[in-house]
Amino acid sequence: MADKDDVRLGKHFFEDIPSKNEAFFLKGAGALDWGMQNRLSRIFNPETGKTVMLAFDHGYFQGPTTGIERLDLNIAPLIPYSDVLMCTRGALRSSISPTVCKPIVLRASAGQSILSELSNELIAIDIQDAIRLDASALAAQVYIGAEYEHKSIGNVTKLIDMGSKYGIPTLAVTGVGEKMSRDQRYFGLATRICAEIGAHYVKSYYFEPGFEKVVAACPVPIVIAGGKKLPEKKALEMAYKAIDQGAAGVDMGRNIFQSDCPVGMIQAVGAVVHNSVKPDKAIKIYEEIKVQEKT
């Protein structure tokens with residue numbers, strides 16, 4: 001019961017100091033509700049406005065691909081150096097300790113495999129289960145120009161509507177088939193469509209030339225996919241160029257967990273993303289940690 005015996009009247013109202021309403025730091029998110037902004041603040045570091053997402057959701061259509069055969073062994077050492085974990089609900093429940101306090105972006109689409117048409121996906125999670133898992137965001141592919149383009153856009157639209165009821169943002173992932181051009185025209189179209197249907201941020205690929213124009217034309221943040229495994233220096237160069245041209249972070253998987261020193265690589269990526277460390281210096285972080293692991 002509240003104590004009524006010592007109620008003191010307020011004295012210091014600071015009438016000479018105007019009320020302060022800080023603008024939200026993230027592009028395109030200034031009008032969102034508090035819960036949505038709070039979750040986005042978990043994903044994107046408010047001090048830098050950037051994020052390093054560790055993606056290990058590949059198994060939902062690739063199976064036990066190289067580097068994530070054992071999630072409990074391959075991913076656990078990388079968690080402390082990531083800002084966000086992007087995974088499936090099955091991987092989260094079975095392989096990630098519930099004591100981990102990193103924000104989770106849940107892969108919410110499924111329904112196909114590498115043996116079938118990749119764009120033929122469906123929503124694979126109920127919003128109530130996403131809430132039970134304390135998801136900071138939901139993620140699904142949008143396949144612009146693919147056979148099931150319409151269905152994939154519909155999937156993401158449904159996720160946006162479902163998540164918005166509970167303050168959970170949606171990440172739209174631009175899926176690219178083998179026959180699609182990876183250029184400014186394509187990614188300008190794909191990322192803009194994702195933003196226009198209401199995605200709160202977009203995952204896309206880095207490309208040259210014109211990436212900075214795609215970022216400028218997208219009214220919400222873009223994070224880049226790591227894509228296929230590259231030599232470590234090349235992957236760091238790609239990340240640096242993307243950040244320098246306006247990307248709000250990276251969502252890397254294979255370029256980290258398929259590295260011969262994943263712990264060193266994720267720390268080097270973090271230095272590039274959050275501290276604008278140039279690739280020549282970032283690669284030394286990777287190399288030094290690689291040497292330390294061998295000694």
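How many of the 5 residues of strand E7 are buried? In this predicted model, 5 of the 5 are buried, so E7 is largely enclosed by the rest of the structure.

**Strand E7**

Both faces of E7 are covered. Thr170, Ala172 and Thr174 lie on one side, and Leu171 and Val173 on the other. E7 also has a partner strand. Strand E6, residues 137–142, pairs with E7 in the parallel sense over 5 bridges. Within this pairing, Gln141 has Val173 of E7 as its bridge partner.

**Pockets**

Rolling a probe the size of a water molecule over the atoms shows where empty space is left. Two pockets are described here.

| Pocket | Volume | Lining by class |
|---|---|---|
| Largest | about 1100 Å³ | 17 nonpolar, 13 polar, 15 charged residues |
| Second largest | about 290 Å³ | 8 nonpolar, 2 polar, 4 charged residues |

The largest pocket has a volume of about 1100 Å³. It is lined by 45 residues, and Val176, Arg182, Tyr205, Gly227 and Arg254 are the closest to its centre. Strand E7 (170–174) returns here, as one of the elements that give two or more residues to this lining. The others are helix H2 (59–62), strand E8 (201–204) and helix H9 (232–244). H9 gives the largest share, 4 residues.

The second largest pocket has a lining of 14 residues. Nearest its centre lie Leu92, Pro98, Val100, Ile104 and Leu133.

**Aromatic pairs**

The whole structure holds 8 aromatic pairs. One of them joins Phe44 and Tyr201. This pair is edge-to-face, at 5.1 Å centre to centre, with 75° between the planes. It links distant parts of the chain, 157 residues apart. Phe44 sits in the loop between helix H1 (34–43) and strand E1 (51–55), while Tyr201 belongs to strand E8. Both residues are buried.

Phe187 and Phe207 make a stacked pair, because their ring centres are 5.4 Å apart and their planes meet at 20°. Phe187 lies in helix H7, residues 184–196, and Phe207 in the loop between E8 and helix H8 (211–217), so the pair ties together parts that are 20 residues apart in sequence. Phe187 is buried, with a relative accessible area of 0%. Phe207 also counts as buried, at 6% relative accessibility.

Ring pairs also build a cluster. Its members are Tyr186, Phe187, Tyr205, Tyr206, Phe207 and Phe211. Tyr205 has already appeared among the residues closest to the centre of the largest pocket.

A ring can meet a charge too. The charged end of Lys151 sits over the ring of Tyr148, 5.9 Å from the ring centre.

**Backbone features**

Most residues other than glycine have a negative phi, and most peptide bonds are trans. Some places in this chain depart from that pattern.

Glu208 and Pro209 are joined by a cis peptide bond, with omega about -10°. Pro209 is placed in the loop between E8 and H8. Phe207 of the stacked pair lies in that loop as well.

Phe14 has a positive phi, near 50°. It lies in the segment before H1. Is Phe14 buried or exposed? With a relative accessible area of 54%, Phe14 is exposed.

Ser276 has a positive phi of about 55°, although it is not a glycine. Its place is the loop between helix H11 (262–275) and helix H12 (279–294). Ser276 counts as partly exposed, at 49% relative accessibility.

How values were computed. Residues are numbered from 1 along each chain as its sequence is written. This is a predicted model: local features need pLDDT of at least 70, side-chain atom pairs count only at pLDDT 80 or more; totals for chains, interfaces and linings use all residues. Side-chain values use heavy atoms; hydrogens and water are left out. On a 1 Å grid over the protein atoms alone, a cavity is a set of points where a 1.4 Å probe fits but cannot get out, and a pocket is an open set with protein on both sides within 12 Å along at least five of seven lines; lining residues have an atom within 4 Å of a point. Grid points are joined across faces, edges and corners, and a volume is the space filled by probe spheres set on the points. Ala, Val, Leu, Ile, Met, Phe, Trp, Tyr, Cys and Pro count as nonpolar, Asp, Glu, Lys and Arg as charged, and the others, Gly among them, as polar. Rings of Phe, Tyr and Trp (its six-membered ring) pair if their centres lie within 6.5 Å; planes under 30 degrees apart count as stacked, over 60 as edge-to-face and the rest as tilted. Buried means under 20% relative accessible area, exposed over 50%, partly exposed in between (1.4 Å probe, protein chains only). A charge sits over a ring if NZ of Lys or CZ of Arg is within 6 Å of the ring centre and within 35 degrees of the ring normal. Two strands pair if DSSP finds at least two bridges between them.
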